[in-house]
Amino acid sequence: MSQANSVPQGGFKQWWLKWRFHLNILLILIPLGFMPKYFADASLLRGDSGLGANVIRDIQIDRWSLDLAELRDEAPRADGPAGDFKAFNAALCKTCTEGVKAIYLRVGKPRSLRAAGTIFFGSQHRMSTNLPIPPRTRADADLWVTIEGWDGKMYQASVPLAKASPATVAWLEKQGGKK
C-alpha cells in the first residue's frame, strides 16, 4: 500500500531538492559583491567622504566663502527630453551662513535673479543641485555662483568649467558642438 501512495520523482524535482540550498546561498552572495559600491555611494551622498570630486575651495563671494564640487567625476547624464544634467555639491564656510537666502548655479553669467540658474537645496554645509548642461556650451565657459541675500541683493562669482568639472569639458569636446 505504501508504494501506491509514493509519487515517482522527476529529474527536475530531484535536482531542485538536491541543489536548492546551494542556490539560496548563491542568491545571498551575489548582492554582497555590489555592497562596496553601494556603501561608497551612500557615504558620498551623506557627506562622510567629502563633497565629491574636483573640490574648489574658498570661492569668495562678497563676505561669504563657498566650496564647490561635482558629485562624481563623470560626464553629464541624459534625463530624457530635459537634456543633460551634472550634479554639483556646495558648502558654505562654518562661520558665514548669516544673511544667505538662496544659492544658485548656472552655466554662463545670469542676466538677473530670475535667470540665476538651478537652486541649491539642503543644509548650508552640504547643498546639492542638478545643473542642466546646454549642448552648445563652450569648453571655456564659466559656472556662475549667485548668492541671494536677505537684503535683496545679488552677489556673484565665477569658476571656469574646466576647473569645476574636467569630465564635463571632455564630454563637451567629444560632442563637438552637436545641436
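The following passage describes the overall dimensions, domain arrangement, annotated segment and disulfide of a predicted model.

The chain contains five helices and 10 strands, and an assignment of domains divides the chain into domain 1, covering residues 9-49, and domain 2, covering residues 53-177. The centres of domain 1 and domain 2, taken over C-alpha atoms, are separated by 39 Å. Along the principal axes, the C-alpha atoms occupy a box of roughly 95 × 40 × 25 Å, and the radius of gyration of the chain is 26 Å, whereas a value near 16 Å would be expected for a compact globule of 179 residues.

With respect to packing, 35% of the 179 residues count as buried, and the accessible surface of the chain amounts to about 11,600 Å², with carbon and sulfur atoms contributing 57% of that area. Among contacts in the chain with a separation of 6 or more, 58% are accounted for by residues 24 or more positions apart.

Residues 21-39 are listed by UniProt, in an unreviewed entry, under "transmembrane region". In the model, this segment is 89% helix and 0% strand, and the C-alpha atoms at its ends lie 28 Å apart.

The count of disulfides comes to one, and this bond joins C93 to C96 with an S to S distance of 1.9 Å. The two cysteines fall into separate accessibility classes: C93 is partly exposed because its relative accessible area is 24%, which is not under the 20% limit for burial, whereas C96 counts as buried because its relative accessibility is 8%.

Note on methods. Residues are numbered from 1 along each chain as its sequence is written. This is a predicted model: local features need pLDDT of at least 70, side-chain atom pairs count only at pLDDT 80 or more; totals for chains, interfaces and linings use all residues. Side-chain values use heavy atoms; hydrogens and water are left out. UniProt positions are given in the numbering used here, feature names are shortened, and annotations may be inferred rather than shown by experiment. Helices (H or I, at least four residues) and strands (E, at least two) are DSSP runs, numbered from the N terminus. A disulfide is a pair of cysteine sulfur atoms within 2.5 Å. Buried means under 20% relative accessible area, exposed over 50%, partly exposed in between (1.4 Å probe, protein chains only). Domain bounds come from an automatic or database domain assignment. The radius of gyration is taken over C-alpha atoms; the globule rule is 2.2 Å times the number of residues to the power 0.38. Contact means heavy atoms within 4.5 Å. Accessible areas come from the Shrake-Rupley method with a 1.4 Å probe; for residues, only the protein chains shown count as cover.
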